Amino acid sequence: MVTRGKGILPPLKVGDNVLVSIPSVVRGRGDAANLLSVIIEENYLTENDAPSPQLTHDILTSKTSTFPSQISSRPSPNSCPSPTPWPSPTQKPLISSTQIPHTFYSTDIGQYIGNTIDDYTKCQLLENPWVPPKDYLFPYSEHLKGGKLIRRYVGHQHLNSFNWLVFSPSKQGLFCKYCPIFNNLHKGGFQKNVNLLKFVTQPLVKFAKMLDETGDLKHHEKTQYHKESIEFGKSFLKTYHNPNLEVNNLLNTKRLAEVYENRMPYSNCRKELLKFRVKSGDKVLENHLQNTSSKATYISKTTQNEIIECCSKVILNHILSRIKEGSGFYSIIFDETLDVSKRSQISLVLRYIYNDSVREDFVMLLMLLMKLRFY
């Protein structure tokens with residue numbers, strides 16, 4: 001029977017769980033305040049024995065003050081049981097408990113620090129970050145003030161006051177939801193050569209003077225790299241939900257629109273020229289357009305280009321026949337020039353004698369990289 005003062009506690013037996021409190025003087029910052037332990041052996045006390053029950057315990061919590069009501073009794077499928085020593089012949093087998101890891105939250109930004117994040121996860125971390133429930137027991141930090149040890153807590157009031165601030169349950173601290181994602185080099189300062197720690201690569205775990213004008217929250221909010229990260233984040237969300245606004249898509253869409261607009265005036269001009277020719281008294285063209293089937297008008301751009309190509313061959317053959325019928329001597333005159341699109345072109349002119357007179361006939365206009373071919 002274990003006695004404590006005047007109260008009498010019920011007897012304990014092997015396998016019972018007990019809650020063991022850890023004094024603050026031997027507990028480090030962020031360490032567990034309570035340990036859930038299991039009794040593995042009983043020692044019957046004699047008059048000369050000191051009351052020292054042997055306990056072996058496994059820490060079931062992480063670096064926060066946690067109580068048994070917060071601990072799930074279902075082990076994680078990926079968790080491994082703690083190692084059990086081989087019992088001696090005079091010792092009973094140890095009863096070990098299974099360590100319960102932190103629950104993984106897909107929108108906990110602390111899980112992604114230092115890792116490559118896809119666009120979908122970025123969107124979820126920005127728009128749907130993990131929010132602690134109302135009854136969540138936040139961690140605290142301890143500070144000496146006036147010779148006394150005081151505790152500073154973080155809570156919902158901090159998260160509500162700064163829309164860029166998020167709490168990471170896995171890291172048990174505060175992060176900026178923009179800077180770890182969009183400050184890829186994790187550098188700050190005037191020359192971008194200062195390694196960023198708090199809120200970016202490491203969580204804020206010291207919660208003293210956070211809301212002061214010179215505190216951590218206000219200071220981070222005023223930094224240039226934080227402002228740039230927010231702008232990058234807003235631009236990312238805008239293009240993520242509207243892919244048409246992405247730069248590559250905008251350039252392609254604009255180019256296609258310009259091509260379409262450039263083609264329309266030429267098509268309209270061609271039709272207007274045909275109408276003008278009819279109004280000028282070209283009865284043959286008028287009769288052709290009025291009485292010919294719509295599939296045989298030969299006024300489309302493809303057909304017109306083929307007709308122009310045929311005309312150029314006829315003219316070129318006519319010029320070459322003149323050279324052959326004359327003296328047979330000729331010279332080539334060419335000059336390089338740029339068109340409106342800054343492409344180099346060569347104008348080709350044949351100089352020859354025909355009917356005892358010197359002629360210079362333009363033959364063709366070639367791209368600079370094209371090969372010259374004579375028929």
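# Close-up views of a predicted protein model

The structure holds seven salt bridges. It is a predicted model, and the legends below walk through it one view at a time.

**View 1. The whole protein, with its eight helices and 14 strands.** Welcome to the overview. Of the 375 residues in the protein, 27% are buried. The protein exposes about 27,400 Å², and 55% of that area is supplied by carbon and sulfur atoms. Among contacts with a separation of 6 or more, 47% are between residues 24 or more positions apart.

**View 2. The largest nonpolar core, a set of 33 residues.** Which residues touch the most other members of this core? They are Trp 164, Leu 165, Leu 174 and Phe 199. Two or more residues each are given to the core by helix H1 (119–127), strand E8 (165–168), strand E9 (173–176), helix H3 (179–182) and helix H5 (224–241). The largest share comes from H5, which gives four residues. To follow one member outward, start at Leu 165: leaving out residues up to four places away in sequence, Leu 165 touches His 158, Leu 159, Leu 174, Phe 175, Phe 199 and Leu 217. A second, separate core has 10 residues, including Leu 316, Ile 323, Leu 350 and Tyr 352.

**View 3. His 220 and the residues around it.** This histidine sits in helix H4, which covers residues 216–222. Is His 220 buried or exposed? With a relative accessible area of 1%, His 220 falls under the 20% limit and therefore counts as buried. Setting aside neighbours within four places in sequence, His 220 is in contact with Trp 164, Cys 176, Cys 179, Phe 199, Val 200, Tyr 225 and His 226. Two names here may look familiar: Trp 164 and Phe 199 also appeared among the core residues that touch the most other members.

**View 4. Glu 213 and Lys 222, joined by a salt bridge.** Side chains of opposite charge can pair when their charged atoms come close. In this pair, the N to O distance is 3.9 Å. Where does each partner stand in terms of exposure? Glu 213 has 56% relative accessibility and counts as exposed. Lys 222, at 54% relative accessibility, also counts as exposed. Both values are over 50%, which is why the two residues are placed in that class.

**View 5. Two further salt bridges, Arg 277 with Asp 282 and Arg 351 with Glu 360.** The side chains of Arg 277 and Asp 282 meet at 2.8 Å, N to O. Arg 277 is partly exposed, its relative accessible area being 48%. For Arg 351 and Glu 360, the closest N and O atoms are 2.3 Å apart. Arg 351 has a relative accessible area of 35% and is partly exposed, and Glu 360 is partly exposed as well, at 46% relative accessibility.

**View 6. An open sheet of three strands, in the order E12-E13-E14.** Strands of a sheet pair through backbone hydrogen bonds, either parallel or antiparallel. In this sheet the pairing is antiparallel. The edge strands are E12 (330–338) and E14 (357–367), and each of them pairs on one side only. From one strand to the next, the twist averages 20 degrees. How many bridges join strand E13 to E14? There are 10 bridges between E13 (residues 344–354) and E14. To find one of the bridge pairs, look for Gln 345, whose partner in E14 is Met 367. Helix H8 (residues 301–325) lies across E12, E13 and E14, and runs at about 40 degrees to E13.

**View 7. Gln 172 and His 186, two non-glycine residues with positive phi.** Gln 172 has a phi near 55 degrees. This glutamine is placed in the loop between E8 and E9. Gln 172 is buried, with a relative accessible area of 8%. His 186 has a phi of about 55 degrees, and is found in the loop between H3 and strand E10 (187–188). What makes His 186 count as buried? Its relative accessible area is 19%, and the limit for buried is under 20%, so His 186 belongs to that class.

Key
Residues numbered from 1 in each chain as written. Predicted model: local features only at pLDDT ≥ 70, side-chain atom pairs only at ≥ 80, totals over all residues. Heavy atoms only, no water. Buried < 20%, exposed > 50% of the residue type's maximum accessible area, 1.4 Å probe, protein only. Contact = heavy atoms within 4.5 Å. Areas by Shrake-Rupley, 256 points an atom, 1.4 Å probe, with all protein chains shown as cover. Core = buried A, V, L, I, M, F, W, Y, C linked by side-chain atoms within 4.5 Å. Salt bridge = Lys/Arg side-chain N within 4 Å of Asp/Glu carboxyl O. Pairing = 2+ DSSP bridges. Axes fitted to C-alpha atoms, helices over the stretch in contact; angles between N-to-C directions.
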